[in-house]
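Visitor: I am new to this structure. Could you walk me through how some of its helices pack?
Guide: Gladly, let us look together.

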Amino acid sequence: MSDLAAVKAALKTQAVETPSWAYGNSGTRFKVFAQQGVPRDPREKLDDAAKVHEFTGVAPTVALHIPWDRVDDYAALAKHAGERGVKLGAINSNTFQDDDYRLGSICHPDAAVRRKAVDHLLECVDIMDATGSRDLKLWFADGTNYPGQDDVRERQDRLAEGLAEVYGRLGEGQRMLLEYKLFEPAFYTTDVPDWGTAYAHCLKLGPKAQVVVDTGHHAPGTNIEFIVATLLREGKLGGFDFNSRFYADDDLMVGAADPFQLFRIMYEVVRGGGFGARSGVAFMLDQCHNIEAKIPAIIRSVMNVQEATAKALLVDRGALTAAQRDGDVLGANAVLMDAYNTDVRPLLREVRGEMGLDAEPLAAYARSGWAEKIVAERVGGRQAGWGA
């Protein structure tokens, strides 16, 4: 897609989901760093998320994390979101913070612990029913640290059994998105370590099970865009958790470490038909902002995704295909590099202007006074953060 009008039209339809937990306090494995004005409950998280959407125009939904965002009335929470101009998005489960999960959750050798984990996942589906959410996001910290600690094959059997029960509970229009991670916290085996394992389970489960690609969950040098292209080809790419990492799962701002990689990923998304509401591919940030101001960091992250997407849409597909068929190695590479090296910021300013938005989201947020308002008003109570 290289027609400028078509590119602009496509960019106006973009949607990037922001995560509720990114608005709370977070930190390293050694320290959680508190900031002034951090939300104290899910409603205040939604208030902040609404500001991101107000200034970017492309962040209309907010992912929840259970139990961090547990409330008594989810319908009321959904109504609050709607009043702020956003909607509730994916429901993310948590099977990694209880003491019972020391040896795993859904893969645990003790049937009672597995029952607890599956019951939590079923509760998350109940919450989806109340919020109108489409996606149940599953990530498991399950694994082992030592050879012989547990039976590797049996753990896969337990995983399949638990997933099948939850899959059977999904309603019409609901999906299960299975995430994978190379390592951590388990260091000998991880029960869902790669896209192949996630794909195998999802394929067996059925069409409502899809794979999630977290851009920070791969070994160094992994060709993530190949994974994206393959999953799209197989109809099994459910979505992304966008972040960036330099060494391991840093959860830094998307595009911070390797913006060229983000562009390559987004090109394969566009090439494979994964861009747009009809594709079903969900684009979500999964980041923690430890030393930077949270709302500006999320706005910047959304803008980074926009810029990578705009460059991907600008690739001259006709010229690229011709060069590829002619075996013109340098010519084909040049087509991609021309798009990547394009300064798309003026284009995105135009798009925002046509959408009735300020051309510069970060500057507009800074002028809005919201940062000062929440610091002054959110005094007392317990700030939200990891485990809250």
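**Two helix pairs**

Guide: Let us begin with H7 and H8, which are roughly parallel to each other. Please keep in mind that this is a predicted model.

Visitor: Why are H7 and H8 called roughly parallel?
Guide: Helix H7 (residues 224-233) and helix H8 (residues 259-271) pack at an angle of about 15°, with their axes 9 Å apart. Angles under 35 degrees count as roughly parallel, so the name fits H7 and H8.

Visitor: Which hand does the crossing of H7 and H8 have, left or right?
Guide: The crossing of H7 and H8 is right-handed.

Visitor: Which residues meet where H7 and H8 pack?
Guide: From H7 come Ile224, Glu225, Val228, Ala229 and Leu232, and they meet Gln261, Arg264, Ile265, Glu268 and Val269 in H8. In this contact of H7 with H8, six residues are nonpolar, one is polar and three are charged.

Visitor: And what makes H3 oblique to H4?
Guide: The axes of helix H3 (residues 74-83) and helix H4 (residues 111-131) come within 8 Å and cross at roughly 50°. Roughly parallel needs an angle under 35 degrees, and roughly perpendicular needs 65 to 115. The crossing of H3 and H4 fits neither, and therefore H3 is oblique to H4.

Visitor: Which residues make the contact of H3 and H4?
Guide: H3 brings Tyr74, Ala75 and Ala78, while H4 brings Ile127, Ala130 and Thr131. Of the residues in the contact of H3 with H4, five are nonpolar, one is polar and none is charged. The crossing of H3 and H4 is right-handed.

Definitions and conventions: Residues are numbered from 1 along each chain as its sequence is written. This is a predicted model: local features need pLDDT of at least 70, side-chain atom pairs count only at pLDDT 80 or more; totals for chains, interfaces and linings use all residues. Side-chain values use heavy atoms; hydrogens and water are left out. Axes are lines fitted to C-alpha atoms, for helices over the stretch in contact, and angles run from 0 to 180 degrees between N-to-C directions. Helices (H or I, at least four residues) and strands (E, at least two) are DSSP runs, numbered from the N terminus. Angles under 35 degrees count as roughly parallel, over 145 as roughly antiparallel, 65 to 115 as roughly perpendicular and the rest as oblique. A crossing is left-handed if the near helix is turned anticlockwise from the far one by less than a right angle, and right-handed if clockwise. Contact means heavy atoms within 4.5 Å. Ala, Val, Leu, Ile, Met, Phe, Trp, Tyr, Cys and Pro count as nonpolar, Asp, Glu, Lys and Arg as charged, and the others, Gly among them, as polar.
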